[in-house]
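Me: I'm new to this one. Could you walk me through how to read its pockets and packed helices?

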Amino acid sequence: MTTAIPQPPGIPLLGNIFDVDPSNTWVSLQKLWEKYGEIFKITVLGQPIVFVGSVALCEELCDEKRFRKFVGGPIVEIRNAVHASLFTAFANEPIWDVHHRILAPQLTPGAVAEHFTEVRDCAAELTSKWRGMAAESPVSAVGELNRLDLETTTLCFYGRKLNGFTGPEHPMIKAMDGATGEAMKRPTRPKFANWLLYNSQFQKDCKTMRRYAAECLEYRKTHPTDRKDMLYTMMNAKDPGTGKSLDEQQIIDEIVTMPIGSSTAPCVIASAIYYLLQNPSCIAIAREEIDSVIGESEFTHAHLDELSYCAGIVRESMRLSAAAPGFNIEPLPDTQGPVLIGRGKYQVSPKQTIIIVLHGVNRDPAVFAEPEAFKPERMVGEAFEKLPDGAKKWFGNGKRVCIGRNYAWMWNMITLVTLLKDVDFEMANPSYRLKQDGWFNLRPVGFNVKVKPRVK
């Protein structure tokens, strides 16, 4: 006998459409998790969706012998901008394997390490800007880090300096936010409403993102270089399996995809700043480690492996912020009959869409004591190694795990260490408490800080 999956009461035809705020979907799901626990479901316009929020269920659903990534809903909508890219390709589209074999060699730990100096110098450029500001001038933590992320990603992968730390924000940042936000909302509306009321701005944002990519490609064509970077690979490499290469539109697809994926990183570090300011003893421990390992010498890639407490800060910030808030799962297509999960406790359809809500998984009290507390030490050394695999799914899972995870990890580490090494922070509003919203990521809302040169 299975247990019924809990569901909030709905209304005829529309189901639970009013239980989820389309302008802040993930926070709505957080509230439902807080009410219903490890598993719940809703119905939207006749379509049932199951959500899970425990480590054990997450780990079970990440078994690729039974389940796979589901490409649907918002991910299908963002195909308007990136078509069949690494992020959005359907499981039955062979183009994913072609793109992955071509691009994955550029994102191994060794390949990513080649960009350490560029990432470090971009982070130092941001802190240099901050040190030159008046001490009482507040800045948006995530806004400034968004600029850094796009600047660094564009330089490392495409060899182009945007010089975007000052002046108007680059149009790509606003377009990404607009397009991914609309992609989240479109599945909750009738198609005619999307076409009639919202399609014009959505298409404008998609075109802006593709214009950014086209400009990166054109810049490389008009400024030849011997850089063997991601863009060089996109333009010149052939798939070792099929001999195929990427055409120009496919290159543009993947150029756009990379910043969309990396946009979670600024959310992680902005959240880390907040958690650290709430826990100043952690700042002291981290700085003691940084000063011991790096001191007055030049910050190098070799230092990263020695900064274990700083790594714990990054992991604990990913856990609490759930900056990449979840991922979609479905049973394998040849699955027959009802699917049992939770050691047979629950039953779902073999065609059921299931969404992992990482806010819940990352706060599972069966795994994390004091789950709301910020404790970097639980993410260091043996304590981290002992955590179950289902508690470490910040970058997704399996074959479709985030291809840029090594780059994102290095960016997070370099940025955090540079900020702690170079500047002091304080809350612009001391009474601020973390609020989040977001689309394909979760970011702090209204979180402003004052920055000044670090006093040692």
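**Pocket and helix packing**

Reply: Let's start with a pocket: 24 residues line the second largest one, and Arg315, Phe395, Arg405, Asn406 and Trp409 lie nearest its centre. A pocket here is an open set of points on a 1 Å grid over the protein atoms alone, with protein on both sides within 12 Å along at least five of seven lines, and lining residues have an atom within 4 Å of a point. This is a predicted model, where local features need pLDDT of at least 70, side-chain atom pairs count only at pLDDT 80 or more, and totals for chains, interfaces and linings use all residues. Residues are numbered from 1 along each chain as its sequence is written, and side-chain values use heavy atoms, with hydrogens and water left out.

Me: How is empty space found, and what volume does the second largest pocket have?

Reply: Rolling a probe the size of a water molecule over the atoms shows where empty space is left. In this case the volume is about 570 Å³.

Me: Which element gives the most to the lining of that second largest pocket?

Reply: That's H18, with five residues. By class, the lining has 14 nonpolar, three polar and seven charged residues (Ala, Val, Leu, Ile, Met, Phe, Trp, Tyr, Cys and Pro count as nonpolar, Asp, Glu, Lys and Arg as charged, and the others, Gly among them, as polar).

Me: Now helices. How do I describe a packed pair?

Reply: Two packed helices are described by the angle between their axes and the distance between the axes. Take H9 (residues 171-185) and H10 (residues 191-222): they pack at about 140°, with axes 8 Å apart. Axes are lines fitted to C-alpha atoms, for helices over the stretch in contact, and angles run from 0 to 180 degrees between N-to-C directions. By class, their contact has 11 nonpolar, three polar and two charged residues.

Me: At what angle do H10 and H12 pack?

Reply: About 115°, with the axes of H10 and H12 (residues 248-262) 9 Å apart. H10 and H12 are therefore roughly perpendicular to each other (the range for that is 65 to 115 degrees). Their contact has 12 nonpolar, one polar and four charged residues.

Me: Which residues of H8 and H13 meet?

Reply: Ala141, Val142, Leu145, Asn146 and Asp149 in H8 meet Pro266, Cys267, Ile269, Ala270 and Ile273 in H13 (contact means heavy atoms within 4.5 Å). The axes of H8 (residues 141-158) and H13 (residues 264-278) come within 9 Å and cross at roughly 145°.

How values were computed. Helix = DSSP H or I, 4+ residues; strand = E, 2+ residues; numbered from the N terminus. Parallel < 35°, antiparallel > 145°, perpendicular 65-115°, else oblique. 1 Å grid on protein atoms, 1.4 Å probe; cavity = no way out; pocket = protein on both sides within 12 Å on 5 of 7 lines; lining within 4 Å. Points joined across faces, edges and corners; volume = space filled by probe spheres on them.
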